[in-house]
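User: Could you walk me through the aromatic contacts in this model, and the reasoning behind each label?

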Amino acid sequence: MIKENTAASLRAKFEVDDLDPRLEALDLMTSFHCTIRFLEFFQAAILDPQQRERSIADVYTGFLVSLGEISTADDLPSCWSGQPPGANERQAMRNLRMPMGLGALAAYLSMNLARGKEIVSTRIPDRCDDETLAAWSIDKFEELEDTRPAKPTVATILTRLRNAISHHQFKLRVRSRDQTTGDFRDDVYATFLDHSTQSTFYARASFRTLELLMEKLRMAEYDFHQCPRFEGDAYDHVALKTYVESCFSHFARGYKRHKIGFHDLKRLDPESEYQVMVQSGTIELSRSDMCKYAARFSVNGEPSALHYIDIPFLDPHTRGYITMLGEPCLVGDNPIDWMLHNARSPLYQLDRQIKEMLETVLAETV
């Protein structure tokens, strides 16, 4: 829920600590110093070739030992040690959950919300309608207040959250709970404060809500750069053409804000195909199993120049092979993997090909 408020009242709300300080002591990594040690310990294990084969449990056990939290076998939970539950089993089980302690969660927010926002900044909608706020889980925030009268957009909210994290103006707290049951993250919430001379922003949300928001940021980036999974009979040419067409539709979604749309792929007849090859100066004399298609786009509802792409023809009579430039190529049991990742395939780096077409259409509109 989005409210208006004064800068002083929002700052006062952020500075109030209504929890017993002993609840914070339940976490091993509340301090910034401990968070840095956590990151350094794990990064060292990742970067050291001799440590890369170690399990996460083994690395984390070493981290707990370095903190002095594990000094005897009883400090290891039975599910790790393989021994019967010891005298300190309850504490040992709490140790097991602490890889996602408050300090680790703070580092997680810094990497996946603050840095993530910068990576996908151009993909974040600058809108504040209810549907967009719900799509980005903003509607799940417990509190969201700004001294500016205008309703903040998703892009503005993420910028303010990024600012709060970057300036260390955020807090993680644990609600009162039974520490022996459930997931630690279920009872963690965060408060954020971003203050400037122009305005003050305050937000409060559960960590689960923030996870949804971070996942949306991740999908905003990776959905754009990765082709959808292929579904269907790999040796059905119609299914392959439909898949490539769905990839065009998938990547074109990011250009709707520029009034660019994708319509369809239309196979060229032999005469048209020959004319396209003559105009491009790439008449291929040796045989390849592929068909040429025209990709049809529009700008502001008006047709734009055609772009062309070759789609391999999969012959069920030569299953497992495809001919490229007169030479047989083994595509194996997963021909789609070969199509998308082999440099000899006309669909190699299909996502890049489609993006280059869309960028060309966009450039032609300027």
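Analyst: Happy to; we will go through ring pairs, burial and charges over rings, keeping in mind that this is a predicted model.

User: How many aromatic pairs does the structure hold?

Analyst: There are 5 aromatic pairs in the structure.

User: Why is the pair of Phe-248 and Phe-262 called stacked?

Analyst: Their ring centres are 5.1 Å apart, which is within the 6.5 Å needed for a pair. The planes meet at 25°, and under 30 degrees counts as stacked, so the pair earns that label.

User: What makes this pair a tie between parts of the chain?

Analyst: Phe-248 belongs to helix H11 and Phe-262 to strand S6, so the pair ties together parts 14 residues apart in sequence.

User: How do you know whether Phe-248 and Phe-262 are buried or exposed?

Analyst: The cut-off for buried is under 20% relative accessible area. Phe-248 has 0% and Phe-262 has 13%, so both of these residues count as buried.

User: Why is the pair of Phe-248 and Phe-297 called tilted?

Analyst: Here the planes are at 45°, neither under 30 nor over 60 degrees, so this pair is tilted, with centres 6.2 Å apart. Phe-297 lies in strand S7, 49 residues from Phe-248, and Phe-297 is buried too. Phe-248, Phe-262 and Phe-297 form one aromatic cluster.

User: Which charged end sits over the ring of Tyr-189?

Analyst: That of Arg-204, 3.9 Å from the ring centre, within the 6 Å limit. Likewise, the charged end of Lys-216 sits over the ring of Trp-136, 5.7 Å from its centre.

Notes:
Residues numbered from 1 in each chain as written. Predicted model: local features only at pLDDT ≥ 70, side-chain atom pairs only at ≥ 80, totals over all residues. Heavy atoms only, no water. Phe/Tyr/Trp six-rings, centres within 6.5 Å; stacked < 30°, edge-to-face > 60°. Helix = DSSP H or I, 4+ residues; strand = E, 2+ residues; numbered from the N terminus. Buried < 20%, exposed > 50% of the residue type's maximum accessible area, 1.4 Å probe, protein only. Lys NZ or Arg CZ within 6 Å of the ring centre and 35° of its normal.
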